[in-house]
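Got the viewer open and a cartoon on screen? Let's walk through it stop by stop, selecting as we go.

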Amino acid sequence: MTLACRTVNSHTGTKPWLVWLHGLLGNGEDWSEVAGRCTEFPSLFVDLPGHGGSVAQAPGDFAEVSRQLNATLAAQNIQDYWLIGYSLGGRIAMYHACCGEHTGLRGLLVEGGNPGLENEELRRARLLRDTHWAQRFRQEPMTQVLADWYLQPIFADLTASQRQEFIDLRSVNQGFTVAAMLESTSLGRQPYLLPALHQLAIPFAYLCGERDLKFQQLARQNRLPLHTLAGAGHNAHRANPDAFAEQVRLFLSLSR
């Protein structure tokens, strides 16, 4: 089954596609500012299950989402592409590159995505935490849950007005579909991908905002190919789309 998607800059002819995967609570349009600065490449904005135009799509595990992505690419006749993902989208992108069927995948660019938890105790703790959030998304008003969601330490760099902007933007989501996706693709259910990432035969880059200290530390500890973006926290592509687009173009130019 295919996912909802939108193509932009498809007039660019024979160049490889940029395929963009958003984070939890987002949708494909989150990438429009960055893709608008990469107009020399055709782009595909994908709505992940439970989000945007794929809101009615029942989420599955990582393997199922990877299959849905492949079906979507096939339906769009995309056989030559770079995969770019943020947060949840980054984790799905890493799974797809390491464990999925990915004929035609040229390279992988991940923003603030966790490659996985190494031991079962950590995975159980994370699944418990995500299950708690999922219950809240199902049972409470979206704006109420989001007000607490954006108080998590990972979003500490946001100002009060930026936090409210995210709450307003993300409140269009349906709580029960977000909850289902959160549970299905919890970090507690994700395979530990680090060994496979170190063995990737395709180019791989890892981006973080300069204020996203948690994921910078994670990248350094795990020897990921880290590049930092000025003036940005966890959601770097939104905070500094110019710098993000510059990193995308540089990555592609050095990896051809």
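Select Trp-20, Trp-31 and Phe-244 and show their side chains: these three make up one aromatic cluster. Keep in mind throughout that you're looking at a predicted model. Across the whole structure, a search turns up nine aromatic pairs. One of them sits right here: Trp-31 and Phe-244 are 5.7 Å apart centre to centre, with 50° between their planes, which puts the pair in the tilted class.

Now colour by sequence position and look at the pair again. Trp-31 belongs to the loop between strand E2 (17-21) and helix H1 (32-35), while Phe-244 is part of helix H11 (residues 241-255), so this contact ties together parts that are 213 residues apart in sequence. Are these two rings buried or exposed? Trp-31 is buried, at 0% relative accessibility, and Phe-244 is buried too, with a relative accessible area of 0%.

Next, stay with long sequence separations and pick Arg-37 and Ala-245. Their C-alpha atoms are 6.0 Å apart in space, yet the two are 208 residues apart in sequence. You'll find Arg-37 in the loop between H1 and strand E3 (43-46). Its relative accessible area is 30%, so Arg-37 counts as partly exposed.

Go back to the loop between E2 and H1 and select Leu-25. Check the backbone torsions: phi of Leu-25 is positive, about 80°, although the residue is not a glycine. Leu-25 is buried, with 1% relative accessible area. For another positive phi, jump to Ser-87, where the value is near 55°, again in a residue other than glycine. Ser-87 lies in the loop between strand E4 (81-86) and helix H3 (88-99).

Time to hide the side chains and look at the strands. In what order do the seven strands of the open sheet run? Reading across, you get E1-E3-E2-E4-E5-E6-E7, and the pairing is mixed. Strand E1 (5-8) and strand E7 (226-229) are the edges, each pairing on one side only. On average, neighbouring strands in this sheet are turned by 20° against each other, direction ignored.

Zoom in on strand E5 (residues 105-111) and strand E6 (residues 204-209): they run parallel and are joined by four bridges. To see a bridge up close, select Leu-109 and its partner in E6, Ala-205.

Bring the side chains back for two charge-over-ring stops. Lys-15 lies over the face of Phe-41, at 5.3 Å from the ring centre. Then try Arg-238, which lies over the face of Phe-166 at 5.1 Å from the ring centre.

Now select the cysteines. How many disulfides does the structure hold? Zero. Take Cys-5: its nearest cysteine sulfur, on Cys-38, is 19 Å away. Cys-5 is partly exposed, at 28% relative accessibility. Cys-98 is in no disulfide either, and the nearest cysteine sulfur, that of Cys-99, is 5.6 Å away. The cut-off for a disulfide is 2.5 Å between sulfur atoms.

Last stop: highlight residues 18-246. UniProt, in an unreviewed entry, places the feature "domain: AB hydrolase-1" on this span. Draw a distance between its end C-alpha atoms and you should get 14 Å. By secondary structure, the span is 45% helix and 14% strand.

Definitions and conventions
Residues are numbered from 1 along each chain as its sequence is written. This is a predicted model: local features need pLDDT of at least 70, side-chain atom pairs count only at pLDDT 80 or more; totals for chains, interfaces and linings use all residues. Side-chain values use heavy atoms; hydrogens and water are left out. Rings of Phe, Tyr and Trp (its six-membered ring) pair if their centres lie within 6.5 Å; planes under 30 degrees apart count as stacked, over 60 as edge-to-face and the rest as tilted. Helices (H or I, at least four residues) and strands (E, at least two) are DSSP runs, numbered from the N terminus. Buried means under 20% relative accessible area, exposed over 50%, partly exposed in between (1.4 Å probe, protein chains only). A charge sits over a ring if NZ of Lys or CZ of Arg is within 6 Å of the ring centre and within 35 degrees of the ring normal. Two strands pair if DSSP finds at least two bridges between them. Axes are lines fitted to C-alpha atoms, for helices over the stretch in contact, and angles run from 0 to 180 degrees between N-to-C directions. UniProt positions are given in the numbering used here, feature names are shortened, and annotations may be inferred rather than shown by experiment.
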